[in-house]
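Here are some notes to read with the structure open beside you. They deal with the ligand and its surroundings, then with aromatic rings.

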Amino acid sequence: MVADFESIRILDNYYQTSSFFPMPVVLISTVSESGQTNLGPYSLVFPFVIADQGKFSMMLATRSDSNTAMNIKRTGLCAINFVADDKKQLEGCVELGYPGETTEEKMKNSVFTLAPSMREEKDAGVQYSEIVEEAVQVFECSWDKSYNHKLCEEGDNFVLRVDSILLKKKYKDAIVRGMDAKSFPNLPIDYGFRDNMFFWFMKSSKPYSMKMAEGKGTTWNTVWYAAKRYDPSVEWTEDACAKLVRVPRIFLKRAIAGCVEAAKEEGIQLITAEFMDKIQDKRRKEKEE
Ligand SMILES: Cc1cc2nc3c(=O)[nH]c(=O)nc-3n(C[C@H](O)[C@H](O)[C@H](O)COP(=O)(O)O)c2cc1C
């Protein structure tokens with residue numbers, strides 16, 4: 001039987017014109033030439049480098065002549081503000097999305113409240129992008145020019161190094177404590193498809209969990225993420241993580257905490273498989289005593 005699909009012509013902006021493509025909705029704040037904060041709504045912004053020795057980045061695709069693109073090129077800085085699924089905020093985003101308006105023109109009617117950057121390390125004399133107080137989370141970023149890639153005549157791809165991630169307290173607490181369905185923020189989805197009249201957003205709905213298949217549940221990766229979340233200052237090798245894959249999920253945090261404590265006692269910053277063996281030996285001996 002032939003599968004029930006029909007081919008559609010791939011047009012420019014195929015993700016909006018010829019398909020449905022779920023995306024985030026963010027406001028990118030940058031500093032304009034006059035020193036005023038500019039907010040531009042964007043959806044083509046995705047994780048790019050996700051793990052590379054402490055380097056993390058996002059990829060942004062934008063028109064080359066947008067205020068955002070020009071400000072990033074001039075200042076090297078921006079903040080990615082994830083707005084909530086709130087009709088007023090989304091209307092506010094669409095308002096800020098008319099191409100061609102200057103910062104002064106568009107920001108006159110902005111419904112968003114701006115707050116100073118919360119970067120811990122600030123260089124004297126640098127004006128850092130303000131952040132949006134209503135946002136659920138904010139990534140404060142700097143442009144990684146070493147990856148620069150000209151998208152096409154009219155567009156730019158920016159690799160934005162994630163310098164810090166800010167979360168509203170209740171969401172940070174939920175991540176640290178362990179998530180449940182009630183603790184997720186309401187983030188909207190930009191549905192991708194767009195016609196001449198409308199942007200389409202999708203309401204966020206109640207999240208649900210899906211159990212990972214038995215035996216595939218915990219991988220070294222799962223352990224690595226849990227360990228980094230527990231204490232980002234301590235590094236783990238893949239082999240060391242692999243030694244904890246059999247620990248049941250509910251005890252994983254406690255097991256990680258024990259290893260981190262032992263590493264700190266010995267002034268070790270990288271937990272290796274050999275170090276894990278050493279701890280296990282020590283514990284075995286302690287139990288035998
Ligand atoms: C929800 C939404 C998402 C958008 N996503 C993008 C995008 O990913 N890339 C882009 O170039 N323009 C995007 N736009 C259009 C820009 O917002 C528009 O070009 C705007 O003028 C940019 O503002 P700025 O010039 O202040 O940067 C989007 C608009 C809206 C409303």
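1. Start with where the ligand sits. The space that the ligand takes up is the second largest pocket. Keep in mind throughout that this is a predicted model.

2. Next, look at the residues around the ligand. There are 19 of them, and those that come nearest are Pro 41, Tyr 42, Leu 44, Thr 68 and Lys 106. Sorted by class, the shell around the ligand holds eight nonpolar residues, eight polar residues and three charged residues.

3. Which elements each supply at least two residues of the shell? They are strand S2 (37–42), strand S4 (57–63), helix H2 (67–75) and strand S12 (199–202). The largest share comes from S2, which gives four residues to the shell around the ligand.

4. Now take the contacts atom by atom. In Asn 38, an N or O atom of the side chain is 2.8 Å from an oxygen atom of the ligand. Two other contacts use the backbone: an N or O atom of the Ser 43 backbone lies 3.0 Å from a ligand nitrogen atom, and an N or O atom of the Leu 44 backbone lies 2.7 Å from a ligand oxygen atom. As for cover, the ligand on its own has 640 Å² of accessible area, and the protein covers 93% of this. Leu 44 is also listed among the residues that come nearest to the ligand.

5. Finally, the aromatic rings. How many aromatic pairs does a search of the whole structure find? The search finds nine. One pair is formed by Trp 143 and Phe 158: the ring centres are 5.4 Å apart and the planes are at 75 degrees, so this pair counts as edge-to-face. An angle over 60 degrees is what edge-to-face requires. Trp 143 belongs to strand S8 (residues 137–143) and Phe 158 to strand S10 (residues 155–167); the two residues are 15 apart, and the pair links distant parts of the chain.

Conventions
Residues are numbered from 1 along each chain as its sequence is written. This is a predicted model: local features need pLDDT of at least 70, side-chain atom pairs count only at pLDDT 80 or more; totals for chains, interfaces and linings use all residues. Side-chain values use heavy atoms; hydrogens and water are left out. A residue is near a molecule or strand if one of its heavy atoms lies within 4 Å of it. A polar contact is a pair of N or O atoms within 3.5 Å; within protein, one must be able to donate a hydrogen and the other to accept it, and residues adjacent in sequence count only if both atoms are side-chain atoms. Accessible areas come from the Shrake-Rupley method with a 1.4 Å probe; for residues, only the protein chains shown count as cover. On a 1 Å grid over the protein atoms alone, a cavity is a set of points where a 1.4 Å probe fits but cannot get out, and a pocket is an open set with protein on both sides within 12 Å along at least five of seven lines; lining residues have an atom within 4 Å of a point. A molecule sits in a cavity or pocket if more than half of its atoms lie within 2 Å of its grid points. Ala, Val, Leu, Ile, Met, Phe, Trp, Tyr, Cys and Pro count as nonpolar, Asp, Glu, Lys and Arg as charged, and the others, Gly among them, as polar. Rings of Phe, Tyr and Trp (its six-membered ring) pair if their centres lie within 6.5 Å; planes under 30 degrees apart count as stacked, over 60 as edge-to-face and the rest as tilted.
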